[in-house]
Amino acid sequence: MICFRNTRIGRIGIGVENGKVTSLYFENYDYDPKKVADSSMETPLHKNAFSQLDEYLAGNRKAFDLPLAPSGTEFMENVWAALLEIPYGKTACYQEVAVSVGSPKAVRAVGLANNRNPIPIFIPCHRVIGKNGKLVGFGGGLDLKQKLLDLERENAGFGQQKQF
């Protein structure tokens, strides 16, 4: 079941199945409207996930404590696990992620796994950048990716604080 709320970064949907977060939807994402419930149907996990997301976006949370269940191939799940290891306020390039999952030549496959991450922000695919340091690809758009990276850097002590 997917529940939507308005957040500091726009309307966000969070999908929950079997007591685990399975998806996060930005406004521009496609989703099955039959799986959408109104706010009165929010589970305690939906409420907790939105609360943690709000705390993160306010700069008051650096790590999420949620049961996550992304669905993908074994390789994708290994990449998503590696993304969870990228520290708050830091970035890694696709090559570094490929090396961390034991497939140094699989840079494009890492990019595809990053692109197919069903739980962005909670699984921080926004922390992956191009080898040249440039921002590349993010389902929420590059402007949002930059805002998330700036938010983390600022709250990790790496720069000026900006507000959404």
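Tyr 56 counts as buried (under 20% relative accessible area, with over 50% called exposed and the range in between partly exposed, for a 1.4 Å probe and protein chains only), because its relative accessibility is 1%. The structure is a predicted model, in which local features need pLDDT of at least 70 and side-chain atom pairs count only at pLDDT 80 or more, while totals for chains, interfaces and linings use all residues. Residues are numbered from 1 along each chain as its sequence is written, and side-chain values use heavy atoms, with hydrogens and water left out.

**Exercise: aromatic pairs**

Task: Find the number of aromatic pairs, then describe the geometry and placement of the pair Tyr 56 and Tyr 88.

Solution. Rings of Phe, Tyr and Trp (its six-membered ring) pair if their centres lie within 6.5 Å, and planes under 30 degrees apart are stacked, over 60 edge-to-face and the rest tilted. This rule yields 6 aromatic pairs. Tyr 56 and Tyr 88 form an edge-to-face pair, because their planes stand at 90 degrees, with the ring centres 6.3 Å apart. Since Tyr 56 belongs to helix 1 (residues 44-57) and Tyr 88 to the loop between helix 2 (74-83) and strand 5 (92-93), the pair ties together parts 32 residues apart in sequence; helices (H or I, at least four residues) and strands (E, at least two) are DSSP runs numbered from the N terminus. Tyr 88, at 11% relative accessibility, also counts as buried.

Task: Carry out the analysis for Phe 64 and Phe 122.

Solution. These two residues make an edge-to-face pair, 4.7 Å centre to centre and with 85 degrees between the planes. Phe 64 is in the loop between helix 1 and helix 2, and Phe 122 in the loop between helix 4 and strand 6, so the pair ties together parts 58 residues apart in sequence. Phe 64 is partly exposed at 22% relative accessible area, whereas Phe 122 is buried at 3%. Elsewhere, ring pairs join Tyr 25, Phe 26, Tyr 29 and Phe 138 into a cluster.

**Exercise: the annotated cysteine**

Task: Place Cys 125 in the fold and list its contacts.

Solution. An unreviewed UniProt entry carries the annotation "active site" at Cys 125; such positions are given in the numbering used here, with shortened feature names, and annotations may be inferred rather than shown by experiment. Cys 125 is found in the loop between helix 4 (107-115) and strand 6 (128-129). With 5% relative accessibility, Cys 125 is buried. Leaving aside neighbours within four places in sequence, Cys 125 has contacts (heavy atoms within 4.5 Å) with Leu 83, Asn 114, Asn 117, Pro 120, Phe 138 and Lys 145.

**Exercise: strand 2 and its partners**

Task: Determine how strand 2 is paired and whether it is enclosed or not.

Solution. Two strands pair if DSSP finds at least two bridges between them. Strand 1 (residues 2-7) runs antiparallel to strand 2 over 6 bridges, and Phe 4 has Gly 13 as its bridge partner in strand 2. The hairpin of strand 1 and strand 2 has 2 residues between them. Strand 3 (residues 20-25) pairs with strand 2 in the antiparallel sense over 5 bridges, with Gly 15 opposite Ser 23. That hairpin also has 2 residues between its strands, and Asn 18 in the turn has a positive phi of about 50 degrees. Because 6 of the 8 residues of strand 2 (residues 10-17) are buried, strand 2 is largely enclosed by the rest of the structure.
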